[in-house]
Amino acid sequence: MSKTRSRSVVMLLTIGLALSALAVQAQDGCTDFKWDVSKERALFAGPPTVMRAGTDVKSAPIVLPNRLYQLALAPQSSVNFSVWQGKKPADADAHAGLAILRISAAGSYRVALDLPVWIDVVTSDSVLQPADFQGQHSCAAPHKIVEFDLKNTKPFLLQLSGAAIDQLLLTVTPTPERIR
């Protein structure tokens, strides 16, 4: 085989591999986040800690940052929210649950979920306003990420509502510093 022909074959193979990689990336609905979500993606790729979400504050499990949890949810009508959540779901068959978030340092944190679920963070009987959010409809690892500025280290109540199914994956991570 001539050198020219060998180079052409190698070039065609290289182009074919590059096009295959682009096709795989195009099929991955998790590539269009506006933030760096590599930490959340890595956590969602690992095994979760399985727990039952609480139906009231006393039964709410404790969740810690930088871990993946699979929470079993209850029918929303059986969950006693500390403060009524920010959005009332239209679906009577919705599922919900509560968890206590413990952090060791105040700062900005991301709550990431694999489903389109409403997230409220409650402290001192008031709902914190999210600092930012985003989601990817064709991604479940994660599907939705909401950032909250947590000004202290008191335990925070996570209220999750409006889930179409009775379980979800959740992780909380410190927000990485953004490059401007």
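In this predicted model, Ala72 has its bridge partner in E12, namely Gln167. That pairing belongs to the contact between E3 and strand E12 (residues 167-174), where five bridges join two strands that run antiparallel. Zooming out, E3 and E12 sit in an open sheet of six strands, ordered E1-E3-E12-E6-E10-E9, and the pairing in the sheet is mixed. Strand E1 (49-52) and strand E9 (132-135) are the edge strands, each pairing on one side only. Ignoring direction, neighbouring strands of this sheet are turned against each other by 25 degrees on average.

Just ahead of E3 comes a backbone oddity. Asn66 sits in the loop between strand E2 (62-63) and strand E3 (68-72), and its phi is near 65 degrees, a positive value in a residue other than glycine. For context, most residues other than glycine have a negative phi. Asn66 counts as partly exposed because its relative accessibility is 32%, between the cut-offs of 20% and 50%.

On to the charged pairs. Side chains of opposite charge can pair when their charged atoms come close. Searching the whole structure turns up three salt bridges. One of them brings together the side chains of Asp132 and Lys34, with 3.7 Å from N to O. This pair links distant parts of the chain: Asp132 is in strand E9, while Lys34 is in the loop between helix H1 (3-27) and helix H2 (38-44), 98 residues apart. Asp132 is partly exposed at 22% relative accessibility, whereas Lys34 is exposed, with a relative accessible area of 56%.

A second salt bridge joins the side chains of Arg110 and Glu40, at 3.2 Å from N to O. Arg110 lies in strand E6 (residues 107-113) and Glu40 in helix H2, so this pair ties together parts of the chain that are 70 residues apart in sequence. Arg110 also forms a salt bridge with Glu147, and here the closest N and O atoms are 3.1 Å apart. Again the link is between distant parts of the chain, with Glu147 in strand E10 (residues 144-150) and Arg110 in strand E6, 37 residues apart. Through the shared partner, Glu40, Arg110 and Glu147 become one network. How buried or exposed are the members of this network? Arg110 comes out at 1% relative accessibility and is therefore buried, Glu40 is likewise buried at 1%, and Glu147 counts as buried at 4%.

Right beside Glu147 in the sequence is Val146, also found in strand E10. Val146 is buried, with a relative accessible area of 5%. Which residues does Val146 touch, leaving aside its neighbours within four places in sequence? The contacts are Tyr109, Arg110, Val111, Ile119, Pro130, Asp132 and Phe133. That list takes in Arg110 and Asp132, and both of these turned up above in salt bridges, Arg110 with Glu40 and Asp132 with Lys34. Val146 and Asp132 are 14 residues apart in sequence, with their C-alpha atoms 6.0 Å apart in space.

The loop that holds Lys34 also supplies one half of a disulfide, as Cys30 lies in the loop between H1 and H2. Its partner, Cys139, is in the loop between E9 and E10, 109 residues apart from Cys30. The count for the model comes to one disulfide, and the sulfur atoms of Cys30 and Cys139 are 1.8 Å apart. The torsion about the S-S bond is about 100 degrees, so this disulfide is right-handed. Both cysteines are buried: Cys30 has a relative accessibility of 11%, and Cys139 has a relative accessible area of 2%.

As for the overall picture, the secondary structure comes to two helices and 12 strands. Going from the N terminus, the two α elements come before the β elements. Of the 180 residues in the protein, 40% are buried. The accessible surface comes to about 10500 Å², and carbon and sulfur atoms hold 57% of that. Among contacts with a separation of 6 or more, 76% are between residues 24 or more positions apart. The salt bridge between Asp132 and Lys34 and the disulfide between Cys30 and Cys139 each link distant parts of the chain.

Terms used:
Residues numbered from 1 in each chain as written. Predicted model: local features only at pLDDT ≥ 70, side-chain atom pairs only at ≥ 80, totals over all residues. Heavy atoms only, no water. Helix = DSSP H or I, 4+ residues; strand = E, 2+ residues; numbered from the N terminus. Buried < 20%, exposed > 50% of the residue type's maximum accessible area, 1.4 Å probe, protein only. Pairing = 2+ DSSP bridges. Axes fitted to C-alpha atoms, helices over the stretch in contact; angles between N-to-C directions. Salt bridge = Lys/Arg side-chain N within 4 Å of Asp/Glu carboxyl O. Contact = heavy atoms within 4.5 Å. Areas by Shrake-Rupley, 256 points an atom, 1.4 Å probe, with all protein chains shown as cover. Disulfide = S-S within 2.5 Å.
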